[in-house]
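Work through the exercises below with the model open beside you. Try each task before you read its solution.

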Amino acid sequence: MDEHKCEWFVTVSDIETVIKKLGIYSPSEQLESENDEKCRDCRILEVVTHILEEDEASTEELNQAFSVYDENGDGFISAPELQKVMRRLGMEEGVELENCEKMIAAFDVDGDGRIDLLEFTRMLENQR
């Protein structure tokens, strides 16, 4: 078994929290204006699906997303940087540095213990 392979489960509430805090979308505004009978969670998932199905992100969008994590601007996301962002987003996985190291290892192609922009881009492409 690959010691770096992790399985994470994300709830609809987690998704809503992340997209709100990153300023990508404020689902509550649209969800409150919806008049149909769909459940709130279903509408959140539809919004996220729509975002993920959009055409490829522009280079600028990727750089902006990457810079959220690359706090010191060195071109890499380290485990401590990932931990800071995850804590700021209120995500429990970010409490322990070891969890962040495992998450990085899962996508760290060159094995340097950090995520560069190319690895970050590949990680996002794999999520589609």
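The exercises that follow move from the overall fold to single residues.

The model is a predicted one.

**Exercise 1. The fold**

Task: Find how many helices and strands the chain has, and state the order of its elements.

Solution.
1. Count the elements. The secondary structure comes to seven helices and two strands.
2. Read them from the N terminus. The order is α-α-α-α-β-α-α-β-α.
3. Check burial. Of the 128 residues in the chain, 29% are buried.
4. Check the contacts. Among those with a separation of 6 or more, 45% join residues 24 or more positions apart.
5. Turn to the surface. The chain exposes about 8,800 Å², and carbon and sulfur atoms supply 51% of it.

**Exercise 2. Two helices and their cover**

Task: For helices H5 and H7, list the buried residues and say what packs against them.

Solution.
1. Start with H5, residues 79–88. Its buried residues are Ala79, Glu81, Leu82, Gln83, Val85 and Met86.
2. Look at their surroundings. The buried residues of H5 pack against H4, E1 and H6.
3. Step past the end of H5. Just after this helix, glycine 90 takes a positive phi of about 75°.
4. Move to H7, residues 117–126. Here Glu119, Phe120, Thr121 and Met123 are buried.
5. Find the cover of H7. It includes helix H4 (59–69), strand E1 (76–77), helix H6 (97–107) and strand E2 (115–116).
6. Inspect the N-terminal end of H7. Aspartate 116 caps it, with a side-chain oxygen 3.1 Å from the backbone nitrogen of leucine 118.

**Exercise 3. A strand residue**

Task: Place isoleucine 77 in the fold and describe its surroundings.

Solution.
1. Locate the residue. Isoleucine 77 is in strand E1.
2. Judge its exposure. The cut-off for buried is under 20% relative accessible area. Isoleucine 77 has 5% relative accessibility, so it counts as buried.
3. Look across to isoleucine 115. The two C-alpha atoms are separated by 4.9 Å, although the residues are 38 apart along the chain.
4. List the contacts, leaving out residues up to four places away in sequence. Isoleucine 77 touches Phe66, Tyr69, Asp70, Leu82, Ile104, Arg114, Ile115 and Phe120.

**Exercise 4. Aromatic pairs**

Task: Find how many aromatic pairs there are, and classify each by its geometry.

Solution.
1. Count. There are two aromatic pairs.
2. Take phenylalanine 66 and phenylalanine 120. Their ring centres are 5.4 Å apart and their planes are at 75°, so the pair is edge-to-face.
3. Place these two rings. Phenylalanine 66 lies in helix H4 and phenylalanine 120 in helix H7, so the pair ties together parts 54 residues apart in sequence.
4. Take tyrosine 69 and phenylalanine 120. Their centres are 6.1 Å apart and their planes are at 55°, so the pair is tilted.
5. Place this pair too. Tyrosine 69 is in helix H4 and phenylalanine 120 in helix H7, 51 residues apart.
6. Join the pairs. They link Phe66, Tyr69 and Phe120 into a cluster.
7. Check burial. Phenylalanine 66 and phenylalanine 120 are buried, and tyrosine 69 is buried as well.

**Exercise 5. Salt bridges**

Task: Find how many salt bridges there are, and describe some of them.

Solution.
1. Count. The total is four salt bridges.
2. Take glutamate 71 and arginine 88. Their side chains meet at 2.1 Å, N to O. Glutamate 71 lies in the loop between H4 and E1 and arginine 88 in helix H5, so the bridge ties together parts 17 residues apart in sequence.
3. Take glutamate 98 and lysine 102. This bridge spans 3.4 Å, N to O. Both residues lie in helix H6, four residues apart, about one turn of the helix.
4. Take aspartate 112 and arginine 114. Their closest N and O atoms are 3.5 Å apart.
5. Look for shared partners. Salt bridges join Glu71, Lys84 and Arg88 into one network.

**Exercise 6. A buried charge**

Task: Describe what surrounds glutamate 119.

Solution.
1. Locate the residue. Glutamate 119 is in helix H7.
2. Look for a charged partner. Glutamate 119 is buried yet has no salt bridge. The nearest side chain of opposite charge, arginine 122, is 6.4 Å away.
3. Look for a polar partner. A polar atom of the glutamate 119 side chain lies 3.1 Å from the backbone nitrogen of aspartate 110.
4. List the contacts, leaving aside neighbours within four places in sequence. Glutamate 119 is in contact with Phe107, Asp108, Val109, Asp110 and Arg114.

Notes
Residues numbered from 1 in each chain as written. Predicted model: local features only at pLDDT ≥ 70, side-chain atom pairs only at ≥ 80, totals over all residues. Heavy atoms only, no water. Buried < 20%, exposed > 50% of the residue type's maximum accessible area, 1.4 Å probe, protein only. Contact = heavy atoms within 4.5 Å. Polar contact = N/O pair within 3.5 Å; in protein donor to acceptor, adjacent residues only side chain to side chain. Areas by Shrake-Rupley, 256 points an atom, 1.4 Å probe, with all protein chains shown as cover. Lys, Arg positive; Asp, Glu negative; His and termini not counted. Phe/Tyr/Trp six-rings, centres within 6.5 Å; stacked < 30°, edge-to-face > 60°.
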